[in-house]
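This report describes the fold of one protein chain for a reader who has the sequence and the coordinates at hand. Please look first at the loops, then at the sheet and the helices.

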Amino acid sequence: MKQKTPLAGVIGWPINHTRSPRMHDFWLKRYQIPGHYVPLAVSSEGLEEALRAMALLGFRGVNVTLPHKERVLELASSVSETARRIGAANTLTFREDGSFHAENTDAYGFSQNILQQFPDWKPDAGPALVIGAGGASRAIVQALIDARVPEIRIANRTQSRAEALASHFGPCVSAIGWSDLARGVDGAVTVVNATSMGMNGNTPLTVDLHGACPEAIIADIIYEPLRTPFLEGAAAQGFRTVDGLGMLLHQGRHGFESWFGEAPVVDEDLRVYVMG
């Protein structure tokens, strides 16, 4: 029998915002792989049935975006230790029997995004402040724990969510009040906006960064726009800044290699294509 064309995709609800198809399309063309990567709008009610159907239809795997990242853990036949610690998965790989393995590459994507731009980043040199307590925050906190950050502070507008996240990860993670952001910044070598504040159409995030370490990395997970008001303000104060696009690009590498058999490279050509 003729080998089937490799097929993968991304599932979410809604799905029209994702730039993952452009990323994978670029890599498929670069490496001359006759495969396809498609966006699929899958509701919460239809998730389990959709995953079974995709396995039967020959999909090799899918990326997972909101609101399915936590639910797929319950449906997976195996889960990586990283995904289990984070409590969410963003990458699924199907097996021939229709079962699938769940992985989370968001933590890897976050760290690699910073290291690609600033190889001298030393996250273990001091505290980190993570602003936000959603799913992205969980992956970022795990990345910082893996990098041996001694103290991680979580600030969120809903205090109880910050406290729940801190409780999940243990003693090196603590919750601070939204009004205490200045205290959270004090001495920080890494500051991350993991909220949607500053995204196109949303209220910008304003943080006084004067207490941060002079060599601090100020990062944002947002990539629309690439230069958020938060990053512009940080750059104006002389800090090194990292936008959120690279996190998306690096987190996609593992899935692409698993499904299409090629280890892709993240470079400027890819960044331009994805944002085009």
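Pro225 lies in the loop between strand 11 and helix 9 (229–236), where helices (H or I, at least four residues) and strands (E, at least two) are DSSP runs numbered from the N terminus. The bond that joins Glu224 to Pro225 is a cis peptide bond, with omega at about 5 degrees. The model is predicted, so that local features need pLDDT of at least 70 and side-chain atom pairs count only at pLDDT 80 or more, while totals for chains, interfaces and linings use all residues. Residues are numbered from 1 along each chain as its sequence is written, and side-chain values use heavy atoms, with hydrogens and water left out.

**Loops and backbone**

A cis peptide bond is also found from Leu66 to Pro67, with omega near 10 degrees, and Pro67 sits in the loop between strand 3 and helix 3. Most residues other than glycine have a negative phi, and most peptide bonds are trans. The table lists residues with a positive phi.

| Residue | Phi | Place |
|---|---|---|
| Gln32 | near 50 degrees | loop between helix 1 (20–30) and strand 2 |
| Arg148 | about 65 degrees | loop between helix 6 and strand 8 |
| Gly58 | about 95 degrees | just after helix 2 |

Gln32 counts as exposed at 72% relative accessibility, and Arg148 is exposed with a relative accessible area of 68%; buried means under 20% relative accessible area, exposed over 50%, and partly exposed in between, with a 1.4 Å probe and protein chains only.

**The six-stranded sheet**

An open sheet of six strands runs in the order 9-8-7-10-11-12 with parallel pairing, two strands being paired if DSSP finds at least two bridges between them. Its edges are strand 9 (173–176) and strand 12 (240–242), each of which pairs on one side only. From one strand to the next, the twist averages 20 degrees; axes are lines fitted to C-alpha atoms, for helices over the stretch in contact, and angles run from 0 to 180 degrees between N-to-C directions. Strand 8 (residues 152–155) pairs with strand 9 in the parallel sense over four bridges, and Ala155 stands opposite Ile176 in strand 9.

Helix 5 (residues 106–117) lies across strand 10 (190–193), strand 11 (217–220) and strand 12, and runs at about 135 degrees to strand 12. Helix 6 (residues 135–146) lies across strand 7 (128–131), strand 8, strand 9 and strand 10, at about 170 degrees to strand 7. Contact here means heavy atoms within 4.5 Å.

**Helix 2**

Which residues of helix 2 (residues 47–56) are buried? They are Leu47, Leu51, Met54 and Ala55, and because they fall within an arc of 100 degrees seen down the axis, they line one face of the helix; the arc is that of the directions from the helix axis to the C-beta atoms. On the other side of helix 2, Glu49 and Leu56 are exposed. The cover over the buried residues includes strand 1 (7–12), strand 2 (36–41) and helix 3 (71–75).

**The chain as a whole**

The chain has 11 helices and 12 strands, and buried residues make up 51% of its 276 residues. Among the contacts with a separation of 6 or more, 67% join residues 24 or more positions apart. The C-alpha trace spans about 65 × 40 × 35 Å along its principal axes.
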